[in-house]
Amino acid sequence: MNPHQPHIEIKKEISGGDFSTAGQISSELKNILQQAGLPPQFIRRVVIATYEAEMNVVIHAYRGTFSTSIYPDHVEVILEDEGPGIPDVDLAFQEGFSTAPPHIREMGFGAGYGLSNMKKCSNQIEIQTQVGKGTKVMMIFYLDQTQGNSSVSNK
Ligand SMILES: Nc1ncnc2c1ncn2[C@@H]1O[C@H](COP(=O)(O)OP(=O)(O)OP(=O)(O)O)[C@@H](O)[C@H]1O
Ligand SMILES: [Mg+2]
């Protein structure tokens with residue numbers, strides 16, 4: 001198999017504010033990774049990070065797309081949303097920082113740990129964002145953990 005060609009590709013839509021379907025895409029991805037026979041520890045990292053990223057679109061943006069490519073040695077996830085964007089990405093990565101309003105906090109979200117969890121669980125994370133337009137989050141997960149630590153780049 002060519003390691004540069006994805007063997008599974010998924011693309012889905014995410015609706016902002018729709019808590020009835022929130023989290024479905026990351027749980028579908030979990031099933032696919034399990035069926036592919038990938039190690040549980042690896043699946044756990046991917047699913048925690050994609051769940052946080054999916055919830056960020058539901059909570060903070062208006063709509064978005066979720067794309068995954070599964071390669072033999074790594075998984076790439078891209079979430080692109082239309083939304084308010086993130087004015088200060090470094091601040092947003094700080095544990096405990098959240099702009100979630102009270103009604104979101106009442107549902108148990110908005111602790112401000114999503115982005116830092118995504119950073120911990122992924123091997124690479126990159127955020128491109130434009131205030132008033134939207135945000136694109138790209139994450140890479142290597143099966144072989146020695147392939148580099150999580151690094152953040154903001155562009
Ligand atoms: N897709 C996004 N669009 C706009 N703002 C975002 C987006 N994702 C994150 N943010 C901003 O970054 C902040 C921190 O995000 P993070 O995921 O760490 O915490 P949270 O979503 O507020 O709370 P938690 O993830 O713990 O429920 C958010 O409060 C929000 O201001
Ligand atoms: Mg979050």
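User: Which helices each supply at least two residues of the shell around ligand 1?

Analyst: Helix 2 (40-60) and helix 5 (114-121) do so, and helix 2 gives the most, with three residues. A helix here is a DSSP run of H or I with at least four residues, a strand is a run of E with at least two, and both are numbered from the N terminus. The model is predicted: local features need pLDDT of at least 70, side-chain atom pairs count only at pLDDT 80 or more, and totals for chains, interfaces and linings use all residues. Residues are numbered from 1 along each chain as its sequence is written, chains are lettered from A and ligands numbered from 1 in the order written, and side-chain values use heavy atoms, without hydrogens and water.

User: How many residues surround ligand 1, and which are the closest?

Analyst: There are 19, and the closest are His-60, Ser-98, Thr-99, Gly-110 and Gly-112. A residue counts as near a molecule if one of its heavy atoms lies within 4 Å of it.

User: What makes the approach of Ser-98 to ligand 1 a polar contact?

Analyst: An N or O atom in the side chain of Ser-98 is 2.5 Å from an oxygen atom of the ligand. A polar contact is a pair of N or O atoms within 3.5 Å, so this pair qualifies. For Thr-99, a side-chain N or O atom is likewise 2.5 Å from a ligand oxygen, while a backbone N or O atom of Gly-112 lies 2.8 Å from one.

User: Why is the chain called as compact as a globular protein of that length?

Analyst: The chain has five helices and six strands. Its radius of gyration, taken over C-alpha atoms, is 15 Å, close to the 15 Å that the globule rule gives for 155 residues, so the description applies. That rule is 2.2 Å times the number of residues to the power 0.38.

Methods
Polar contact = N/O pair within 3.5 Å; in protein donor to acceptor, adjacent residues only side chain to side chain.
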